[in-house]
Amino acid sequence: MKYILSLIIFTYLSVNNISAQNIPTMDGEKYENAYNYLLSDSASSNREYVVSDTLVFMERSPFWKFFQQKGESSIDCINRIDSIDNNNRFTKEYSQDLERMFGSNMKKANLYFSRISDNVLFAEYFYRYGLSMDVSRTPEKYNAGYRYLFVFDADNNVKDVLKQMVAYK
């Protein structure tokens, strides 16, 4: 009986951990600071952000100059960050904390965040048609938006922001 009870508890904890990944609480402040930056940045354009409850992978290549090391050629830098990106490409991770902070409305989500790594966070905002939940269906029109790279200081404040326009078909 003890064995069965232990197995049930272990299975529950494993399934709960897989389906409900959480961002560390310390990083929650960074997500909020990035979101607040976007709100203040968009005051004149009247953008409305609906945050996804899923952390998604975003390529570093649009910001390769930020990642370029001293003395490194541009092609070597791009190859290096591509090899880093290839290890994580197409990963998605549900976050209870993002849902708790921003709510959940996946069908209308137009702002996506990445995981935070080395005080760097990527965000992508789509201002045209949003992402289709059916990724096998080709969109009828181009989707456009902006990808942001947020760099945080030791106090979790936004230290620097880079912005790049993106377009998808």
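**Exercise 1. Find the residue in S6 that is the bridge partner of Leu149, then describe how S5 and S6 are joined.**

Keep in mind that you're working with a predicted model.

- Step 1: Look across from Leu149 into S6, and you'll land on Leu162, its bridge partner.
- Step 2: Now slide along to Asn143, which sits opposite Tyr168 in S6.
- Step 3: Put those pairs into the wider pattern: S5 covers residues 143-152 and pairs with S6 in the antiparallel sense, over ten bridges.
- Step 4: Follow the chain from one strand into the other. S5 and S6 make a hairpin, with five residues between them. In the turn, check Asn156, whose phi is positive at about 70°.

**Exercise 2. Work out the strand order of the six-stranded open sheet, and explain why S2 and S6 each have one side without a neighbour.**

- Step 1: Start with S1, residues 51-56. S1 and S2 pair in the antiparallel sense over three bridges, and Val56 stands opposite Lys92 in S2.
- Step 2: Turn to S3, residues 111-113, which pairs with S1 in the parallel sense over two bridges. Here Val51 has Leu111 as its bridge partner.
- Step 3: Write the whole order down: S2-S1-S3-S4-S5-S6, an open sheet with mixed pairing.
- Step 4: Look at the edges. S2 (92-94) and S6 (158-168) each have a single partner strand, so one side of each has no neighbour in the sheet. From one strand to the next, the twist averages 30°.
- Step 5: Check how covered S1 is. Six of its six residues are buried.

**Exercise 3. Decide whether Arg147 is buried or exposed, and list what surrounds this residue.**

- Step 1: Place Arg147 in the fold: you'll find it in strand S5.
- Step 2: Use its relative accessible area, which is 7%. The cut-off for buried is under 20%, so Arg147 with its 7% counts as buried.
- Step 3: Look for a polar partner. The Arg147 side chain reaches the backbone oxygen of Glu59 at 3.1 Å.
- Step 4: Gather the contacts beyond four places in sequence. Among them are Met58, Pro62, Phe63, Phe122, Glu124, Leu162, Val166 and Tyr168.
- Step 5: Try Met165, over in strand S6. Its C-alpha atom is separated from that of Arg147 by 6.3 Å, though the two residues are 18 apart along the chain. Leaving aside neighbours within four places, Met165 is in contact with Tyr127, Gly145 and Tyr146.

**Exercise 4. Name the residues that touch the most other members of the largest nonpolar core, and say which elements give two or more residues to this core.**

- Step 1: Recall a general tendency: in soluble globular proteins, nonpolar side chains tend to be buried together.
- Step 2: The largest core has 19 residues, and those touching the most other members are Tyr31, Leu111, Phe113, Leu121, Tyr148 and Phe150.
- Step 3: Trace the contributors. Helix H2 (25-41), S1, S3, S4 (120-126) and S5 each give two or more residues.
- Step 4: Zoom in on Leu121. Its contacts beyond four places in sequence include Tyr31, Ala34, Phe113, Ile116, Tyr148 and Phe150.
- Step 5: Don't stop there: a second, separate core has 13 residues, including Met58, Tyr112, Phe122 and Val151.

Definitions and conventions: Residues are numbered from 1 along each chain as its sequence is written. This is a predicted model: local features need pLDDT of at least 70, side-chain atom pairs count only at pLDDT 80 or more; totals for chains, interfaces and linings use all residues. Side-chain values use heavy atoms; hydrogens and water are left out. Two strands pair if DSSP finds at least two bridges between them. Helices (H or I, at least four residues) and strands (E, at least two) are DSSP runs, numbered from the N terminus. Axes are lines fitted to C-alpha atoms, for helices over the stretch in contact, and angles run from 0 to 180 degrees between N-to-C directions. Buried means under 20% relative accessible area, exposed over 50%, partly exposed in between (1.4 Å probe, protein chains only). A polar contact is a pair of N or O atoms within 3.5 Å; within protein, one must be able to donate a hydrogen and the other to accept it, and residues adjacent in sequence count only if both atoms are side-chain atoms. Contact means heavy atoms within 4.5 Å. A nonpolar core is a set of buried Ala, Val, Leu, Ile, Met, Phe, Trp, Tyr and Cys residues joined through side-chain atoms within 4.5 Å.
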